[in-house]
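Thanks, everyone, for making the time; I would like to go through one structure with you, starting with its cysteines, then moving to the sheet, and ending with the enclosed spaces.

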Amino acid sequence: MKLWCELAWLGGERPESSVVLELDGGRIAAISVDVAAPPPGSERLAGLVIPGLANAHSHAFQRALRGRTHGNSSRGSFWTWREQMYALAESITPEAMHSLTRATFAEMALAGVTLVGEFHYLHHDRGGARYSEPNEMGLAVARAAREVGLRLTLLDTCYLHGGVGAAAEGPQLRFCDADADDWRQRADRLVEGVGSPADFVRVGAAIHSMRAVDPASAEIVAAWTARRAAPLHAHVSEQPAENEACLEAYGASPTELLDRAGALSPRFTAVHATHVSVQDIGLLGAARTCCCLSPTTERDLADGVGPARALADAGVRLALGTDSNAIIEPLEEARAVELDERLVTGVRGNHEARALLAAATRSGYESLGWPEGGSLREGGPADLVAVRLGSVRLTGTSPDHALGALVFAGAAADVNDVMVGGRFVVRDGAHVALDVARELQAAIAGLDR
């Protein structure tokens, strides 16, 4: 297959014009620029073609909370929202996990996502009872991604405690394994269950947080990922209370504890890092880690605004996620990194459009263990998105300003075509196989029955 792109971003300061991508076996075999006319038999992609977007942090089942936890007038915080999330988690069966995840992943595809990192911790039945297949929930997530046509990194999450020094109770029991060795055995079985080759689904790990995993157990998880050269993610300093609890119990911040556990490396991603210290930033930068920001969730939960510029200056790569999926707008996540930081610093221009787009593509792929992806280059996977430039949001944009317009004004509604591994998943703004709105409606309505 040959694709003729009106404009294509190949990583430079501006898009290239009249670009031909030659595909072979799901990869980009050759790239030519300034090709005056589409080659015979080629597929024409109008507008701007960019690499596929990576959603580096998702809890797909939380999509069902949209509207239910956002429009009420009662005052609250992350902690009150968490109780509402727990109530939802109690209602999720494996069948519901599959249907809701499939519909949510399909919504992501319509927004230009080609790779998703599912931070998966809803493992067991009510009361913590084990399913006959211990990874029934995780395998349902993997099946959903394959049916939608997205790549997936399934970040199987170790969750052991209800808080620092506290036993899990109630809905938390569905998240918890008996101990880190029990988690490790289940994670090994999950790798076998997902199978190979890992062309579309790969397995990584996550430490839920240093609230939910003690330091000795974190060492076991870190060693598991090191042995497999797999990505490792963790919620880090999302709330000041998390920092305070760790300092009181261990005399160290969550980042320091992760460092001592051997978790910090280029394969590690700190999720949120909203309330990290200068010392924490130094540790994350020295280890060349990644940080996944999820601005729409961080502001929805009143978490705060993370120090994105300071993290990047320290050498931390930035990635982006939709987290609770209160809204699935990857471009909003990208521009919010800059716009939210403007509110805090009073300074414009902390992050340029090209850097934000790289966070949404290349860095996200690296964070999720797909270093070969996230850019349009010869030999890389044919994961790409074609964006219309004629919408009311983007019309009138010149090629020289297309990246800035896309990042700071574009939306999921502007996505026209999405390709994953050389196969179109979205054409003309619609999923090729699924009625996404109907799937979402059915999946969420099923939870109310």
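Before I say anything about individual residues, let me fix one term: a residue is called buried when its relative accessible area is under 20%. Please also keep in mind throughout that this is a predicted model.

With that cut-off, cysteine 5 is buried, because its relative accessible area is 0%. Cysteine 176 also falls under the cut-off, since its relative accessible area is 7%, and it is therefore counted as buried. Where, then, is the nearest cysteine sulfur to cysteine 176? It belongs to cysteine 158 and lies 8.7 Å away, and cysteine 176 is in no disulfide. As a reminder, a disulfide is a covalent bond that links the sulfur atoms of two cysteines. When the whole structure is searched, the number of disulfides found is 0.

Let me turn to the sheet. It is an open sheet of 8 strands, in the order S5-S6-S7-S8-S9-S10-S11-S12, and the pairing is parallel. Which strands stand at the edges? They are S5, covering 53–58, and S12, covering 317–320; each has a single partner strand, so that one side of each is left without a neighbour in the sheet. If direction is ignored, neighbouring strands of this sheet are turned against each other by 25 degrees on average.

Although S5 is an edge strand, it is mostly covered, with 6 of its 6 residues buried. Its pairing with S6, residues 113–120, is in the parallel sense and runs over 4 bridges, and within that pairing leucine 53 has valine 113 of S6 as its bridge partner. Elsewhere in the sheet, S10, residues 268–272, runs parallel to S11, residues 290–293, and the two are joined by 3 bridges; there, valine 271 stands opposite cysteine 292 in S11.

One residue in another strand deserves a short detour. Alanine 29 is found in S3, residues 27–32, and it counts as partly exposed because its relative accessibility is 45%. Alanine 29 and glycine 379 are 350 residues apart in sequence, yet their C-alpha atoms are 5.7 Å apart in space.

Finally, the enclosed spaces. How many cavities of 30 Å³ or more are there? The count comes to 5, and the largest cavity holds about 190 Å³ of space. It is lined by 20 residues, of which Phe78, Trp81, His208, His235 and Glu238 are the closest to its centre. Helix H1, residues 78–90, gives the largest share of that lining, with 5 residues. By character, the lining of the largest cavity divides into 8 nonpolar, 7 polar and 5 charged residues.

The second largest cavity has about 90 Å³ of space, and among the residues that line it are Leu293, Pro295, Arg299, Asp340 and Glu341. The elements that give two or more residues to this lining are helix H9, 295–300, and helix H11, 330–345, with H11 giving the largest share, 4 residues. Here the lining of the second largest cavity divides into 6 nonpolar, 2 polar and 4 charged residues.

That is what I wanted to show, and I am happy to go back to any part of it.

Terms used. Residues are numbered from 1 along each chain as its sequence is written. This is a predicted model: local features need pLDDT of at least 70, side-chain atom pairs count only at pLDDT 80 or more; totals for chains, interfaces and linings use all residues. Side-chain values use heavy atoms; hydrogens and water are left out. On a 1 Å grid over the protein atoms alone, a cavity is a set of points where a 1.4 Å probe fits but cannot get out, and a pocket is an open set with protein on both sides within 12 Å along at least five of seven lines; lining residues have an atom within 4 Å of a point. Grid points are joined across faces, edges and corners, and a volume is the space filled by probe spheres set on the points. Ala, Val, Leu, Ile, Met, Phe, Trp, Tyr, Cys and Pro count as nonpolar, Asp, Glu, Lys and Arg as charged, and the others, Gly among them, as polar. A disulfide is a pair of cysteine sulfur atoms within 2.5 Å. Buried means under 20% relative accessible area, exposed over 50%, partly exposed in between (1.4 Å probe, protein chains only). Two strands pair if DSSP finds at least two bridges between them. Axes are lines fitted to C-alpha atoms, for helices over the stretch in contact, and angles run from 0 to 180 degrees between N-to-C directions.
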